Amino acid sequence: MGSRRDGGAVIPSKRGVTAVIGLVLLIGMVATVSVGILLVAGDTMTSAEQRSENERVQQSFVEMSQQMSTVSSNNDISRTMEFDAGERGAIVKTDTGTINISGPGFDNTITIPIGAVEYEGDDGTRISYQAGGVFRETGNETRVVSAPPVYYDSRDNTFSFPITEVNDDAQLGSGEVRMSHENTSSYENVTYIEQSTVTIEITSEYCVGWETYFQGQTANAEGQAITERCGNDDTMIVELGRTEVEGDFSQAVYAGGGGIELGHNNAEIDGNVTTDGEVHGSGNVTGDEIEENQEPIPSFDSVIESKVEDAERGEGEPIDLGDNETTLEGGTTYYDPDGFDLQDDVTVDLDDGNVTLIVDGDMGFTDNDLTVDTTGAEDNTSFQVFATGNMSMDNQEVCVNGCDYNSGDSKSLQIYGTSSMLVHVGTGNSKFEGILYAPRDESYAESEGIDHCSHDVNGTEPDVCIDGGGGAAQIYGTIMAGPMYVDNNFEIEHDESLTGFEPDVRHGVLPPRLTYLSIAVHELDVRNS
């Protein structure tokens, strides 16, 4: 029944043919699947081997960077190490980029060409050593494997950046690698940079790696320390400095460069005071008095100068605040290039975010009021003013939420001035609620073109002159400026919520307490032994 004969041959039945074909197909499918499994297994092994090689090479690069650091700091030594360069080897390349270092205290920009050691795996992973740092790039991700040697020592206020450079092109294979010190160049002509920020411009094939490093190091600046990010030109620029405003905000008054004169027995400072000079007069200080202070607060001049320059380049909405303007909107930066004297009451609305005002000139609050409205605003939202000129008030109110003097309100109004800012508060019920920050760390005030005070402090015209007040005349918050004179019925009351407060300067960094800059370029010869 399974077959029949046809001329002596046995012919399988259809059922038998079907079984044979099924068996062949099954064998074929098994063979195909088996080959597929072998192929997949082969690919998996290759990928695993590549990952393993990448890890070994990365560890070798980290060890090499440590050995190069040791060699660069000693003129007469060399080091050897077993180096894993993978199957394809590594390349030593000179002139793969440039580092420019500059700042307000520099006579000239320091320009340093830099080289690199590079490995690239079959999977596109790139591991690179450049100027002391090791970076790893995989696809669109770049991470810092070993940080570049950029240091700040707060004990002696020194910024250091030792840069290690390779002096010749070469191929590196796996095996023993020798590193020897060839030369060191230092830049002693720019060692003293008191109160300067440091700007580092890096052009490099590994730009993204450098940007990743500085992004992490300057996180407190909310990304604003990086002023230019990597683009088509592979260039990034970072400005190094502080973001927090210096000063002890537990003080009602800090008077740098001079003393404090309380010219009337009804003049009162309710809180602590610190002065480079002495406190005189018939008025009253309710808090602690620190006289002859030897730790001045750095001036704010370079910060304000930088902000004006940014505004002149278009970073800010042009405004004439004295031309009947009535509202400053949240989330906006304004620039008034000519100073102002208010011609109408002005409200600063913080509901939609911070407001910044940059003023190149004097500020007059002699005819109308300015009110900061925090209704609906998030915590720590503020109105920050940066001014190059002087400030005057006469029987007006510059306050937060209608001068209700609630604890914490003064944080919402922050006025920053230069070390030459003169502040005059005339007679009447003048009120100010906020932070006034214009520290002076040099000598006494030298008023130019303005006779803003009929009194003196130790024979010198004061920076802050408060001529007098009525029954409600008051400053609530804190003042950090130069020598101060307070007369008549005027009270300066400290907002105790400011104790421990560290205001941040938005969109920029402040000069660090820098005294010395240490830049050295160490040339090393790197090659297989």
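In this predicted model, Q294 sits in the loop that runs between strand 22 (289–290) and helix 3 (301–312). The residue is exposed, with a relative accessible area of 66%. Its C-alpha atom is separated by 9.8 Å from that of G277, a residue 17 positions away from Q294 along the chain.

Helix 3 (301–312) also brings up a salt bridge around its end. The side chains of R313 and D310 meet there, with N and O 2.2 Å apart. The two partners are not alike in accessibility: R313 is exposed, at 59% relative accessible area, whereas D310 counts as buried, at 18%. D310 falls in the buried class because its value is under the 20% cut-off.

Altogether the structure holds 14 salt bridges, and some of them join up. K93, E118, R126, E137 and E205 are linked in a network of salt bridges. Two of the contacts in this network go through R126. One is with E118, where the side chains meet at 3.2 Å, N to O. The other is with E205, where the closest N and O atoms are 3.9 Å apart. R126 belongs to strand 6 (residues 126–130), while E205 is found in the loop between strand 13 (198–204) and helix 2 (207–217), so this salt bridge ties together parts that are 79 residues apart in sequence. As for accessibility, R126 is buried at 16% and E118 is buried at 10%, but E205 is partly exposed, with a relative accessible area of 35%.

Helix 2 turns up again in the disulfides. The structure holds 2 of these. In one, C207 and C230 are bonded with their sulfur atoms 2.0 Å apart, and the angle of -95 degrees about the S-S bond makes the link left-handed. This pair links distant parts of the chain: C207 is in helix 2, and C230 is in the loop between strand 14 (226–228) and strand 15 (235–240), 23 residues apart. C207 counts as buried, at 1% relative accessibility, whereas C230 is partly exposed, at 23%. The value for C230 is not under 20%, so this cysteine misses the buried class.

The other disulfide joins C399 to C403, with an S to S distance of 1.9 Å. Here the angle about the S-S bond is 90 degrees, and the link is right-handed. Both cysteines are buried: C399 has a relative accessible area of 1% and C403 one of 9%.

Turning to the strands, 8 of them form an open sheet in the order 20-17-39-37-35-32-29-26, with parallel pairing. The edges of this sheet are strand 20 (279–281) and strand 26 (340–341), each of which pairs on one side only. Within the sheet, strand 29 (residues 363–365) and strand 32 (residues 391–393) pair in the parallel sense over 3 bridges. One residue pair can be picked out here: F365 has M393 in strand 32 as its bridge partner.

Strands 29 and 32 also lead into the packing of the nonpolar side chains. In soluble globular proteins, nonpolar side chains tend to be buried together. The largest nonpolar core in this model has 51 residues, of which M363, F383, M391 and I492 touch the most other members. M363 falls within strand 29 (residues 363–365) and M391 within strand 32 (residues 391–393).

I492 gives a closer look at the surroundings of a core residue. Leaving aside neighbours within four places in sequence, I492 is in contact with A252, V253, E268, I269, D270, I466, I475, I479, M484 and V486. Besides this core there is a second, separate one of 29 residues, whose members include I101, V150, W210 and V238. W210 falls within helix 2 (207–217), the helix that holds C207 of the left-handed disulfide. V238 falls within strand 15 (235–240), and C230 lies in the loop leading from strand 14 to this strand.

Conventions: Residues numbered from 1 in each chain as written. Predicted model: local features only at pLDDT ≥ 70, side-chain atom pairs only at ≥ 80, totals over all residues. Heavy atoms only, no water. Helix = DSSP H or I, 4+ residues; strand = E, 2+ residues; numbered from the N terminus. Buried < 20%, exposed > 50% of the residue type's maximum accessible area, 1.4 Å probe, protein only. Core = buried A, V, L, I, M, F, W, Y, C linked by side-chain atoms within 4.5 Å. Contact = heavy atoms within 4.5 Å. Salt bridge = Lys/Arg side-chain N within 4 Å of Asp/Glu carboxyl O. Pairing = 2+ DSSP bridges. Disulfide = S-S within 2.5 Å.
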